[in-house]
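Hi,

Here's the structure I promised to pass on. Have a look, and my notes are underneath.

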Amino acid sequence: MAIWVQEDKGIFHLQSKGMSYIIELVNDYPAHVYWGNKLRHSSNLEGLHPLVTGGSLDRLPQEYPQYGTGDFRVPAYQAKLEDGTRITELRYQGYRVLQGKPALAGLPSVYVESAEEADTLELTLRDDYAKLNVILRYTVYKELDVIARSVEFVNDGSSPLQLQRALSASVDFQVAGMEMIYLSGAWSREGNITRRRLEQGGTTIQSRRGMSSHQHNPFAALAKPGADENRGEVYGFSLVYSGGFEAEAEVDSFGMTRLVIGLNSFDFSWKLEPGERFQTPEAVMVYSGQGIGEMSRTYHRLYRTRLSRGQYRDKERPILVNNWEATYFNFNTEKLEAIAAEGAKLGIELFVLDDGWFGKRDADNSSLGDWTEDLRKLPGGLSDLAQRVNGHGLKFGLWVEPEMISPDSDLYRSHPDWCLHVPGRRRSEFRWQLVLDYTREEVRQYIFESLSRIFSTVPVAYIKWDMNRCLTEIGSAQLPAERQSETAHRYVLGLYELLERLTSAFPHILFESCCSGGGRFDPGMLYYMPQTWTSDDTDAVERLKIQYGTSLVYPVSAMGAHVSAVPNHQVGRITPLSFRGDVAMSGNFGYELDLTKFTPEEKELAKAQVANYKEIRSLVQQGNLYRLQSPFEGNETAWMFVSDDQREALVYYFRVMAVPHPAHRTLLLSGLNPDFDYRLADSGEVYGGDRLMQAGLTLPDIQRDYVSGCYRLAAQG
């Protein structure tokens, strides 16, 4: 059993393998009293928090706090009633415990494969005046220190009401000096780790862009003082959503910290008619008593096996070559086939045709929405090209950007109202494109039919699904005035509905999400597409930070990582092919350059890289990641992958710039079995697991810039 209820004391104890989360009823308010290392349920669980039982709610650690009744901290929800008032007060009505985990209507979420994996607690709260019922759902996984939370609003009255704020989770911590950790950045430099001490006041990360964004990821963690990669208590919050979000940590005047996460309340409202329901996205909360690294590995295991779905969830991902940085828009069938032919000689398994194959797409200023082959470039069409690629022993993949429409397109000329727009306002173009209105069923149906026609007639094994701009002029021609603020969320719901249809209809296709790189690298997309193009920046040095930071919450199996040409097209840096290869092999490996331009020496090295990755990719993609040295803290980066049984390990070490007369260097490893002896593949030397983790692995002294090393370890006996 994962959920214990003491009805006489109003205590709900959610318990996993190493964690307890406890709720106590105080005057019919569910209060959060404990979240941390596992407690025995047989012990006395009363008095875990100095609960204030007076008239003020400002010091009560509520599970789902409201606005306007004495709690002046950030609320979790707000509703506007038909009479214009905005005061509601939710009181406890009852509970039920379910075995397993119910799915969320219209939204992605983590799941279970058997009901025995998890239990779900539902707490029903009610405001009698508004006739508003609110169901708080908590699913606790028995073998993972994870709680998945979401909220459902039900209008049980006879009058409509307006939801103006509907967050997914709120947790109060009675701990001073906590630090907030989150991922920040911009296009081409996603995944930067930011860590700041929380002081009195609020710290907010968010996206108002209609997508989860390059600027902030829908993830935040709170770390207790002194917590680091391997030690201390850390609390993670990850939102399974692909649109605008907010996460705020507020420290009050008494030192209590409240963390809320969910849909961005800016420009959001939702009209809830009598009898209607509204479901929030899911917040996945992870507890670690062993530092940031263990929090990450918990997210990795959960998202790799209980968020990602489909045929490719547990499969090794193919090694690919993408033509984008090789040709951009300037290609023909012969040029593409030549790249595929070279790829076959190297052992590459998949050729991907990127942008420029449809309409009259000679630049990025036209044709989005016109999903028919450009026969000027491809006289035989996609089928002919795919057959040629298949003839060389490679599978065929394709780039699409189905959420966009170009003003210079046949589709726009036929349906100028199909884009997001506001009457009388200009239509802001970014990259010469507008956003299709996915709140409209006919728009989604057009895209489904257009793509299905291609997927059904062309042997497509892989799709790169791109999105290259944010949402502006967020309005829909089909929604009435009072529902215009629902547009952004309805857009995301429409996207999810389309993705569910497509991935169900074509389960053999490996879908990869892209949003100008990592602009929509979020759990919501991973539910439909098990991997994401991590960043448009393919420079190996920059990728050290991008991939390291992204791994804070996302598994390596979700990260696309390619070797590109030098000088690098984003930053102009020249790095050795060996260095670029080692960085890219720390993700889903591929190449994004013109293979026909490789020198004989480069071809031999690339062939060796491909062969090597085929041997190690199962460990890289499915193993346990341990971060050893951070690129955000110095000139060196290191990480390693360890098999579940601890019998195999793979260590990568990177040094960016040479250091004159360096000190003797050793690298402390992690995750090994201290009682095992491990043989180092290259040298044949044998070291104890305890020695490698306590005294370290000796690193060679190589005097040049951009040094990388890969060390394979195998347990003996």
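Below is what turned up for one strand and one aspartate.

First, the ground rules: this is a predicted model, so local features need pLDDT of at least 70 and side-chain atom pairs count only at pLDDT 80 or more, while totals for chains, interfaces and linings use all residues. Residues are numbered from 1 along each chain as its sequence is written, and side-chain values use heavy atoms, with hydrogens and water left out.

Let's start with strand β10, residues 161–173 (strands are DSSP E runs of at least two residues, helices H or I runs of at least four, both numbered from the N terminus). Of its 13 residues, 12 are buried (under 20% relative accessible area with a 1.4 Å probe, protein chains only). β10 pairs (DSSP finds at least two bridges between the strands) with β5, residues 77–80, through four bridges, running antiparallel. There, Arg 165 sits across from Gln 78. β17 (257–263) is also an antiparallel partner of β10, with six bridges, and Val 171 is matched with Leu 259. Three more antiparallel bridges link β10 to β18 (270–272), where Leu 163 faces Trp 270.

Now Asp 537, in the loop between β28 (531–533) and α9 (540–550). What is the nearest side chain of opposite charge to this buried residue? It's Arg 543, 6.1 Å away, and Asp 537 has no salt bridge (a side-chain nitrogen of Lys or Arg within 4 Å of a carboxyl oxygen of Asp or Glu; Lys and Arg count as positive, Asp and Glu as negative, with His and chain ends not counted). Leaving out residues up to four places away in sequence, Asp 537 has contacts (heavy atoms within 4.5 Å) that include Ser 188, Arg 543 and Asn 568.

Cheers

Conventions. Buried means under 20% relative accessible area, exposed over 50%, partly exposed in between (1.4 Å probe, protein chains only).
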